[in-house]
Amino acid sequence: MNRRLILSAIVLVLAAAGAAAQDALHVFVERLGSAPAAFEYSFASHGGNAPLAGSGRASIAGDCYRIVGDGLDIRCDGSARWTADPAAGEMVIEPVDSHTLDFVSNPVMIFRDLDTCFSSEEVSRGVFVLTPHCSDNGIDKLSISFSSNGAPCAAKLSMSDGSVADFTISGFVFGATEEPYSFSKTDLKAYRNVTDLR
């Protein structure tokens, strides 16, 4: 798995956390619709061509998200996604298709279709396994563990290519954040190479 896939999976883990229980699902999704959320993460992947490890911080508000970690700053305003590598001076801007079920490139879409896209099973107290109804998104299954206060604390994302990413989630909070979910034209001037695919 590449770095962007891993970082995008961070928001996927947060989004899928709402499927932990059917009763909690609608409350969680409704709460995210009215309040932003933020959390810190660390991960390690194995089983793929290039094992990765890293950490960072993610925030989400509605259709928007920002993930900062391991040298990348990924921002999505719901219609476009900016992937910035400040050290290399590179930026890639891509459109986000809100009608295609591509959870890896736009993991926030799970919020809108969580009920119909995953089935969930509690395998032990506070541990749930989510299985996607379709396999063309590359996800085999996602297991999520919750702490006693109901916040996600760990997850394991298994991909159909055999690669696995283990996540630790901490500091999960709902509340106001002053996050920029896009880059302005002024911001873009700091990057030597900007590839705009919109």
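In this predicted model, the sulfur of Cys-76 lies 6.6 Å from the closest cysteine sulfur, which belongs to Cys-64, and that is too far for a bond. A disulfide would require the two sulfur atoms to be within 2.5 Å. In keeping with this, a search of the whole structure returns 0 disulfides. Seen from the other side, Cys-64 takes part in no disulfide, and the nearest cysteine sulfur to it is that of Cys-76, 6.6 Å away. Both cysteines are nevertheless covered: Cys-76 is buried with a relative accessible area of 0%, and Cys-64 is buried with a relative accessible area of 17%. Cys-64 counts as buried because its 17% falls under the 20% limit.

The strands that carry these cysteines deserve a closer look. Strand E3 spans residues 64-69 and strand E4 spans residues 72-76. E3 is mostly covered, with 5 of its 6 residues buried. On one side, E3 is joined to strand E2 (residues 53-61) by 6 bridges, and the two run antiparallel. Within this pairing, Ala-61 stands opposite Cys-64. E2 and E3 form a hairpin with 2 residues between the strands, where Gly-62 adopts a positive phi near 60 degrees.

E3 also pairs with E4, again in the antiparallel sense, over 5 bridges. Here Gly-69 has Leu-72 of E4 as its bridge partner. The hairpin of E3 and E4 has 2 residues between the strands, and Asp-70 in the turn has a positive phi of about 55 degrees. Most residues other than glycine have a negative phi. Asp-70 is not a glycine, yet its phi is positive. What is the exposure of Asp-70? At 30% relative accessibility, Asp-70 counts as partly exposed, because this class covers values between 20% and 50%.

Further along E4 comes Arg-75, a charged residue that invites a question: is Arg-75 buried or exposed? Arg-75 is buried, with a relative accessible area of 9%. Its side chain makes a polar contact of 2.9 Å with the side chain of Asp-73. A polar atom of the Arg-75 side chain also lies 3.0 Å from the backbone oxygen of Ser-182. Leaving aside residues up to four places away in sequence, Arg-75 touches Tyr-65 and Arg-66, then Ala-80, Arg-81 and Trp-82, and finally Pro-180, Tyr-181, Ser-182, Phe-183 and Asp-187. Tyr-65 and Arg-66, among these partners, fall within the span of E3.

The hairpins described so far belong to a wider arrangement. Strands of a sheet pair through backbone hydrogen bonds, either parallel or antiparallel. In this model, 12 strands form an open sheet with mixed pairing, in the order E7-E8-E9-E10-E11-E1-E2-E3-E4-E5-E6-E12. The edge strands are E7 and E12 (193-196), each of which pairs on one side only. Neighbouring strands of the sheet are turned against each other by 15 degrees on average, direction ignored.

From the E7 edge, the pairing can be followed strand by strand. E7 (residues 118-124) and E8 (residues 127-132) run antiparallel and are joined by 6 bridges. Glu-122 stands opposite Phe-128 of E8. E7 and E8 form a hairpin with 2 residues between them, and Gly-126 in its turn has a positive phi of about 80 degrees. E8 then pairs with E9 (residues 139-146) in the antiparallel sense over 4 bridges, with Phe-128 opposite Ile-144 of E9. E9 in turn is joined to E10 (residues 152-159) by 7 bridges, the two strands running antiparallel. In this pairing Ile-144 stands opposite Ala-155. A path across the sheet can thus be traced from Glu-122 to Phe-128, on to Ile-144 and then to Ala-155.

Finally, some totals place these details in context. The protein has 4 helices and 12 strands. Of its 198 residues, 46% count as buried. Among contacts between residues at least 6 apart in sequence, 51% join residues at least 24 apart. The accessible surface comes to about 9500 Å², and carbon and sulfur atoms account for 50% of it.

Key
Residues are numbered from 1 along each chain as its sequence is written. This is a predicted model: local features need pLDDT of at least 70, side-chain atom pairs count only at pLDDT 80 or more; totals for chains, interfaces and linings use all residues. Side-chain values use heavy atoms; hydrogens and water are left out. Buried means under 20% relative accessible area, exposed over 50%, partly exposed in between (1.4 Å probe, protein chains only). A polar contact is a pair of N or O atoms within 3.5 Å; within protein, one must be able to donate a hydrogen and the other to accept it, and residues adjacent in sequence count only if both atoms are side-chain atoms. Contact means heavy atoms within 4.5 Å. Two strands pair if DSSP finds at least two bridges between them. Accessible areas come from the Shrake-Rupley method with a 1.4 Å probe; for residues, only the protein chains shown count as cover. Axes are lines fitted to C-alpha atoms, for helices over the stretch in contact, and angles run from 0 to 180 degrees between N-to-C directions.
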